[in-house]
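These are my notebook entries on a single structure, set down in the order in which I looked things up. I begin with a loop residue and its contacts.

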Amino acid sequence: MALLRRRGVRRTSPWVYIGLILISLVSIYPLYFVFVIATRSLDALNSPTPTWLPGGEFLNNFNKALERDNVHFWKGLINSVIVSSVVTLSVVLTSTLAGFAFAKLKFRGRNALMLTILVTMMVPTQLGLIPLWGMMQQWGLVYSIWAVILPFLTSAFGVFLMRQYTLSAVPDELIEAARVDGCTTFRTYYSVVLPAVAPGAAVLALLTFMEQWNNYLWPRAVLSPDNPTLQVTLGYISYTYYTDYSMVFAALAVAILPLILAVLFFGKQIIGGIMEGAVKA
């Protein structure tokens, strides 16, 4: 204990743990509430006394969602998996390549091009909906799943993130050593840079997957009701004069399950990437 005091390390107060527990409970409660209502009838939501325990009506509520007119739940689920996976792979690949180029390669106009990429991050996505829709119409991609994929294959934020991460994670001496060994630029990227920036790429992958999975506005504008993504499908489920929230929450519980699984499986890599970047900073 005396050694810890001499080194300036203090013990964490119990109030810190109490505060973290309270914040965690407040954050988890909305998800738990969705799950509870999804497993009960609508009477549980209208009851004057709060309901805390799950029931046994989940399958019934979910089947009612599947039986709704103009609702293609499984089609939307498959489309969301395809869109999110393809866009995530493309963003991670292009961002790590561009990040390596901007961080470690010297070429004319590098700073001006990087500044141009940063400026595009300041433009709200909503401003480009009409021009982008017209472009998709000229290409004949309206109502096609490619209209949702193509505009998001690259990410300005991803390029900026991986550039900053590459600057701190890959020493210049390592690049020079690879060149001395006879590695080409692409071989240096594949064998030296990519393994070093893997934690940052994992963070980018999860953020991109979550963004595309939850994307609603653009898929709603460019896809037809017969070929939707999952978020658009959830919107169609709730478009009625009388909303059965038990049915909607049952479909919502299934929709957020892939995100929960992604966080559970890749949580260690994500936290490790964030902490590694913080230590290097």
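**Entry 1: Thr51**

I listed the contacts of Thr51 and, leaving aside residues up to four places away in sequence, found Val36, Arg40 and Ala44. I note here that the model is a predicted one. I placed Thr51 in the loop between helix H3 (43–46) and helix H4 (58–66). For its partner Arg40 I looked up the separation: Thr51 and Arg40 are 11 residues apart in sequence, and their C-alpha atoms are 9.3 Å apart in space. I then asked whether Thr51 is buried, partly exposed or exposed. Its relative accessibility is 22%, so I recorded Thr51 as partly exposed; the class of buried residues ends at 20%.

**Entry 2: Salt bridges**

How many salt bridges does the structure hold? I counted 2.

I took the pair of Lys104 and Asp172 to begin with; their side chains meet at 2.8 Å, N to O. This pair links distant parts of the chain, since Lys104 belongs to helix H5 and Asp172 to helix H10 (residues 172–180), with the two positions 68 residues apart. I checked the accessibility of both partners. Lys104 counts as buried because its relative accessibility is 14%, whereas Asp172, at 47%, is partly exposed.

I then turned to Glu176 and Arg179, whose side chains form a salt bridge at 3.4 Å, N to O. Both residues lie in helix H10, and because they are 3 residues apart there, about one helical turn separates them. I recorded Glu176 as partly exposed, with a relative accessible area of 44%. Arg179 is also partly exposed, at 40% relative accessibility.

**Entry 3: Asn79**

I located Asn79 in helix H5. Its relative accessibility is 5%, and therefore I entered Asn79 as buried. Which residues does Asn79 touch, not counting those up to four places away in sequence? I found Ile145, Asn227, Pro228 and Thr229. For Pro228 I also noted a distance between polar atoms: its backbone oxygen lies 2.7 Å from a polar atom of the Asn79 side chain.

**Entry 4: The cavity**

I next looked for enclosed empty space. Rolling a probe the size of a water molecule over the atoms shows where such space is left. With a lower limit of 30 Å³, I obtained a count of 1 cavity. The volume of the largest cavity is about 40 Å³.

Which residues line the largest cavity? I listed Ser80, Val83, Ser84, Val148, Gln212, Trp213, Asn215, Pro219 and Thr229. Thr229, in this lining, had already appeared among the contacts of Asn79. By class, I sorted the lining into 4 nonpolar and 5 polar residues, with no charged residue. I then assigned the lining to helices: helix H5 (73–104) and helix H12 (198–213) each supply at least two residues. H5 gives the most, with 3 residues.

**Entry 5: Tyr143**

I finished with a backbone angle. Most residues other than glycine have a negative phi. Tyr143, although it is not a glycine, has a positive phi of about 75°. I placed Tyr143 in the loop between helix H7 (129–138) and helix H8 (146–149).

Key
Residues are numbered from 1 along each chain as its sequence is written. This is a predicted model: local features need pLDDT of at least 70, side-chain atom pairs count only at pLDDT 80 or more; totals for chains, interfaces and linings use all residues. Side-chain values use heavy atoms; hydrogens and water are left out. On a 1 Å grid over the protein atoms alone, a cavity is a set of points where a 1.4 Å probe fits but cannot get out, and a pocket is an open set with protein on both sides within 12 Å along at least five of seven lines; lining residues have an atom within 4 Å of a point. Grid points are joined across faces, edges and corners, and a volume is the space filled by probe spheres set on the points. Helices (H or I, at least four residues) and strands (E, at least two) are DSSP runs, numbered from the N terminus. Ala, Val, Leu, Ile, Met, Phe, Trp, Tyr, Cys and Pro count as nonpolar, Asp, Glu, Lys and Arg as charged, and the others, Gly among them, as polar. Buried means under 20% relative accessible area, exposed over 50%, partly exposed in between (1.4 Å probe, protein chains only). A polar contact is a pair of N or O atoms within 3.5 Å; within protein, one must be able to donate a hydrogen and the other to accept it, and residues adjacent in sequence count only if both atoms are side-chain atoms. Contact means heavy atoms within 4.5 Å. A salt bridge is a side-chain nitrogen of Lys or Arg within 4 Å of a carboxyl oxygen of Asp or Glu.
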